[in-house]
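Please study the sequence and the model shown below before attempting the exercises. Each exercise is followed by a worked solution.

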Amino acid sequence: MTGVLFFDGRCGMCTRSRNLLLKFDRTGDLRTEPLQADDAARRLGIPESQRLDAARWLDASGAVYTGAEAVNAALSCALGTPLPLRVYRLPGVRALQEAVYRWVADHRYRFPGTTPYCESHPVSC
């Protein structure tokens, strides 16, 4: 599975999470872009007003995953195995992961992080 993880580049916790995923990248196929990129909403096929609602995964086929599913897709890509996505799709796991993801996403600016991506890569944002 190849694709692009879109993340909140102005969020330190999101940037730290993105950096951690890149450290796990055994395949070299994991790509990331900030949701603040000019063409992110158009490429993802979402309204501009929903751009920062959640992380998104755009896979090579054009499918878009949102929230916890997007994170699991990115982890699957990085590890070179579909296991994270398969676990996510088990009965009950999806609802639990999405609930945790939504709570974390809603409070993301309160968590410790690192220098936000957009501060160190302003041209990309």
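The exercises that follow concern helices, cysteines, nonpolar cores, a pocket and single residues.

The model is a predicted one, in which local features need pLDDT of at least 70 and side-chain atom pairs count only at pLDDT 80 or more, while totals for chains, interfaces and linings use all residues. Residues are numbered from 1 along each chain as its sequence is written, and side-chain values use heavy atoms, with hydrogens and water left out.

**Exercise 1. Helix α3**

Task: Determine whether the length of helix α3 agrees with the expected span, and state which of its residues are buried.

Solution.
Step 1. Helices (H or I, at least four residues) and strands (E, at least two) are DSSP runs, numbered from the N terminus. The expected span of a helix is 1.5 Å times one less than its number of residues.
Step 2. Helix α3 comprises twelve residues, 68–79, and should therefore span 16 Å. The C-alpha atoms at its ends are 16 Å apart, in agreement with this value.
Step 3. Buried means under 20% relative accessible area, exposed over 50%, and partly exposed in between (1.4 Å probe, protein chains only). By this rule nine of the twelve residues of α3 are buried: Ala68, Glu69, Ala70, Asn72, Ala73, Ala74, Ser76, Cys77 and Ala78.
Step 4. After α3 comes glycine 80, which has a positive phi near 75°.

**Exercise 2. Helix α1**

Task: Repeat the length test for α1 and identify the elements against which its buried residues pack.

Solution.
Step 1. For the 13 residues of α1 the expected span is 18 Å; the end C-alpha atoms are 19 Å apart, which agrees.
Step 2. Gly12, Met13, Cys14, Thr15, Arg18 and Leu21 are buried in α1.
Step 3. With contact taken as heavy atoms within 4.5 Å, the buried residues of α1 pack against β1, β2, α3, α5 and α6 (117–120).

**Exercise 3. The cysteines**

Task: Find which cysteines form a disulfide, and classify cysteine 118 and cysteine 125 by accessibility.

Solution.
Step 1. A disulfide is a pair of cysteine sulfur atoms within 2.5 Å. The structure holds one.
Step 2. This disulfide joins cysteine 118 to cysteine 125, with an S to S distance of 2.0 Å. The angle about the S-S bond is -85°, and the link is left-handed.
Step 3. Cysteine 118 has a relative accessible area of 10% and is therefore buried, whereas cysteine 125, at 22%, is partly exposed.
Step 4. Cysteine 11, at 0% relative accessibility, counts as buried, and so does cysteine 14, at 13%.

**Exercise 4. The nonpolar cores**

Task: State how many residues the largest nonpolar core has, and which helix supplies the largest share.

Solution.
Step 1. A nonpolar core is a set of buried Ala, Val, Leu, Ile, Met, Phe, Trp, Tyr and Cys residues joined through side-chain atoms within 4.5 Å. In soluble globular proteins, nonpolar side chains tend to be buried together.
Step 2. The largest core has 17 residues, and Leu5, Leu30, Trp57, Tyr65, Ala74 and Tyr101 have the most contacts inside it.
Step 3. At least two residues of this core come from each of α3, α4 (83–88) and α5 (93–106). The largest share, six residues, is that of α3.
Step 4. Another core, of nine residues, lies apart from this one and includes Leu35, Ala37, Ala41 and Ile46.

**Exercise 5. Threonine 32 and glycine 45**

Task: Describe where threonine 32 and glycine 45 lie, and decide whether each is buried or exposed.

Solution.
Step 1. Threonine 32 belongs to strand β2 (residues 30–34). Its relative accessible area of 16% makes threonine 32 buried.
Step 2. Threonine 32 and phenylalanine 6 are 26 residues apart along the chain, yet their C-alpha atoms are separated by 5.8 Å. Leaving aside neighbours within four places in sequence, threonine 32 is in contact with Val4, Leu5, Phe7, Arg18 and Leu22.
Step 3. Glycine 45 is found in the loop between α2 (40–44) and β3 (56–59). With 66% relative accessibility, glycine 45 counts as exposed.
Step 4. The C-alpha atoms of glycine 45 and alanine 70, which are 25 residues apart along the chain, are separated by 15 Å.

**Exercise 6. The largest pocket**

Task: Give the volume of the largest pocket and name the element that supplies the largest share of its lining.

Solution.
Step 1. On a 1 Å grid over the protein atoms alone, a pocket is an open set of points where a 1.4 Å probe fits, with protein on both sides within 12 Å along at least five of seven lines; lining residues have an atom within 4 Å of a point. Grid points are joined across faces, edges and corners, and the volume is the space filled by probe spheres set on the points.
Step 2. The volume of the largest pocket is about 500 Å³. Of the 23 residues that line the largest pocket, Met13, Ser17, Ala55, Val71 and Tyr101 are the closest to its centre.
Step 3. The largest share of the lining, seven residues, comes from α1.
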